[in-house]
Amino acid sequence: SMYLLTRTEDMAQRHRHIEKAEAQIKHIAHLIEILTTMTRLDSGTPLETRPLNLVELVNELVFTVRWEARHEDLTMNAEIPHVRLMIHGDAEQLQAALRRLVENAQRYTPNGGSITIALSVSVDQRQAIIEIRDTGVGISPEALPHIFERFWRADHAHTTPGFGIGLPFAQKIIAAHGGKIDIAA
């Protein structure tokens, strides 16, 4: 895009090349941020945790996702209790992990589909459960054992965006909080 930008005089085309270059730069910066976080966690650096209300965190995620997806033909649903659900965690990292899961759902849910973000508490009241459900294509049984491998992608033709790092990143953050991710096709 940067090369093409220097080669065109058409202002509309230049603007498109600038937008594309900015998106690519943002994408690369995002990847570097994810890899830096994963490297820190791999080295055993603990997260900076503090008390936080998980209901507020998930509500904020839902608001952001709905606002960003306003041009997509997807229905975003929320099932969140109207209570305080306090945990110790790193709000920024939890938000980032949940965003990766939602982005993954968006990527594989066709137009007209829906994504639901639900928050609940386990029967014994000892665990918070966050579910992200979608009406997407699902995951093949052959792919399930690999989805948390770094840089592994089911889409070998690379027709969808991504580096194969989102799910491993989310898993690493959730594990650092003493949780786990389960995925059902």
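**Why these names fit: salt bridges, burial and a sheet**

Modeller: Glu 103 and Arg 99 are four residues apart in helix 4 (residues 91-107), so about one helical turn separates them. Keep in mind that the model is predicted.

Biologist: What makes Glu 103 and Arg 99 a salt bridge?

Modeller: The closest N and O atoms of Glu 103 and Arg 99 are 3.7 Å apart. The cut-off is within 4 Å, between a side-chain nitrogen of Lys or Arg and a carboxyl oxygen of Asp or Glu. So 3.7 Å passes, and the pair counts as a salt bridge.

Biologist: Why can such side chains pair at all?

Modeller: Opposite charges can pair up when the charged atoms come close.

Biologist: How far apart are the closest N and O atoms of Arg 100 and Glu 103?

Modeller: They are 3.1 Å apart. That value is also within 4 Å, so Arg 100 and Glu 103 form a salt bridge. These two are three residues apart in helix 4, again about one helical turn.

Biologist: How do you know whether Arg 99, Arg 100 and Glu 103 are buried or partly exposed?

Modeller: Buried means under 20% relative accessible area, and exposed means over 50%. Arg 99 has 19%, so Arg 99 counts as buried. Arg 100 has 8%, so Arg 100 is buried too. Glu 103, at 24%, falls between the two cut-offs, so Glu 103 is partly exposed.

Biologist: What share of the whole chain is buried?

Modeller: Buried residues make up 33% of the 185 residues in the protein chain.

Biologist: How many salt bridges does the whole structure have?

Modeller: The search finds five. One of them joins Arg 133 and Glu 79, whose closest N and O atoms are 2.9 Å apart. Arg 133 is in strand 5 (residues 128-134) and Glu 79 is in strand 2 (residues 75-79), so the bridge ties together parts that are 54 residues apart in sequence.

Biologist: Why are Arg 133 and Glu 79 called partly exposed?

Modeller: Arg 133 has a relative accessibility of 32%, and Glu 79 has 43%. Both values lie between 20% and 50%, so "partly exposed" is the right label.

Biologist: Now for the strands. What makes strand 4 and strand 5 a pair?

Modeller: Pairing needs at least two bridges. Strand 4 (residues 114-121) is joined to strand 5 by seven bridges, so the pair qualifies. The two strands run antiparallel, and Leu 119 stands opposite Ile 130 in strand 5.

Biologist: Which strands stand at the edges of the sheet, and why?

Modeller: The open sheet has three strands in the order 2-4-5, with mixed pairing. Strand 2 and strand 5 each have a single partner strand, so one side of each lacks a neighbour in the sheet, and these are the edges. From one strand to the next, the twist averages 10°.

Biologist: Which helices lie across strand 2, strand 4 and strand 5?

Modeller: Helix 3 (residues 54-68) does, running at about 175° to strand 4. Helix 4 does as well, at about 20° to strand 5. Angles here run from 0 to 180 degrees between N-to-C directions, so about 175° means helix 3 and strand 4 point in nearly opposite directions.

Biologist: And what is the pattern of the chain as a whole?

Modeller: There are five helices and five strands, and along the sequence they follow α-α-β-α-β-β-α-β-β-α.

Note on methods. Residues are numbered from 1 along each chain as its sequence is written. This is a predicted model: local features need pLDDT of at least 70, side-chain atom pairs count only at pLDDT 80 or more; totals for chains, interfaces and linings use all residues. Side-chain values use heavy atoms; hydrogens and water are left out. Buried means under 20% relative accessible area, exposed over 50%, partly exposed in between (1.4 Å probe, protein chains only). Contact means heavy atoms within 4.5 Å.
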